[in-house]
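I opened the model today to look up a few points. My notes are below the display.

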Amino acid sequence: MSTAYDDILRRIATAEKDWRREGATRLIAVSKTFEAPAIEPLLAVGHRVFGENRVQEAKAKWPALRAAYPDIELHLIGPLQTNKLAEALALFDVIHTLDRPKLAAKLAQARDQGVALPRLFVQVNTGEEPQKAGVSPEELPEFLALCRQTYGLKPEGLMCIPPVEDVAAPHFALLHDLAKANDLAELSMGMSDDFEAAIAQGASYIRVGRALFGDRDTAL
Ligand SMILES: *Cc1c(COP(=O)(O)O)cnc(C)c1O
């Protein structure tokens, strides 16, 4: 495990040296489908930033790990249904999948009831895939205006999952341009197969699962 981890850290450092500056990228270790015994070696070497794509799975796994390592930073990178919002707000430090007006409204409502909101990223459907979550690039300015002005939310950045069949780099470049045009500082992009390309395009968070933990049983 820590060999794979060291290898990823080296590759990040090399990509930063080539394209960015040292320390510009944060690594989210995507631990979905893996249980505590697979996660603990990473915690033992000091890694603290993890991502999960399902609220229920995260709820079953992370409270116990957090009791042992209170400084864990947990990111929700999968779709969030509003009926799971309260649980998600109790678990996650960052939500990458703000993607529709109803969710923005519910987040604002929770805040108005005194709940501390996590940091927020807006998911953009850069490939405009009908089955995929995310705001379309054209709708993004309007959606951000709704979040900011109507609901008083302060998204920090954008997140995307490029279509599997596409070369990823143009999607990363698009997300970068959209963030810049909309005054957003953070970019969540890049997975096991393409995180170096994402770093080259300005990723501030990369989300790496298989390259750290090995292949998953199911395609999630
Ligand atoms: C599973 C997942 C990842 C990690 O993908 P790998 O190919 O395992 O690195 C990243 N982002 C999201 C949204 C995911 O669901």
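These entries cover the ligand site, a helix pair and one arginine.

**Ground rules.** I am working from a predicted model, where local features need pLDDT of at least 70, side-chain atom pairs count only at pLDDT 80 or more, and totals for chains, interfaces and linings use all residues. Residues are numbered from 1 along each chain as its sequence is written, and side-chain values use heavy atoms, with hydrogens and water left out.

**Ligand site.** I listed the residues around the ligand (a heavy atom within 4 Å). They are V30, K32, I77, M159, I161, M191, S192, R207, V208, G209, R210 and R216. I then sorted this shell by class: six nonpolar, two polar and four charged residues. For classes, I count Ala, Val, Leu, Ile, Met, Phe, Trp, Tyr, Cys and Pro as nonpolar, Asp, Glu, Lys and Arg as charged, and the others, Gly among them, as polar.

Next I checked side-chain distances. An N or O atom in the K32 side chain sits 2.7 Å from a ligand oxygen. R210 places a polar side-chain atom 2.7 Å from a ligand oxygen as well. For R207, the partner is a ligand nitrogen, at 2.9 Å. On its own the ligand has 390 Å² of accessible area (Shrake-Rupley, 1.4 Å probe). The protein covers 93% of that.

**Helix pair.** I looked at α2 (residues 36–44) and α3 (residues 55–68); helices are DSSP runs of H or I, at least four residues, numbered from the N terminus. They pack at about 35°, axes 11 Å apart. Axes are lines fitted to C-alpha atoms over the stretch in contact, and angles run from 0 to 180 degrees between N-to-C directions. Contact (heavy atoms within 4.5 Å) involves A36, I39, E40 and L43 of α2 with K61, W62 and L65 of α3.

**R66.** I found R66 in helix α3. Its side chain makes a 2.6 Å polar contact with that of D93 (N or O atoms within 3.5 Å, one able to donate a hydrogen, the other to accept it).

Definitions and conventions:
Helices (H or I, at least four residues) and strands (E, at least two) are DSSP runs, numbered from the N terminus.
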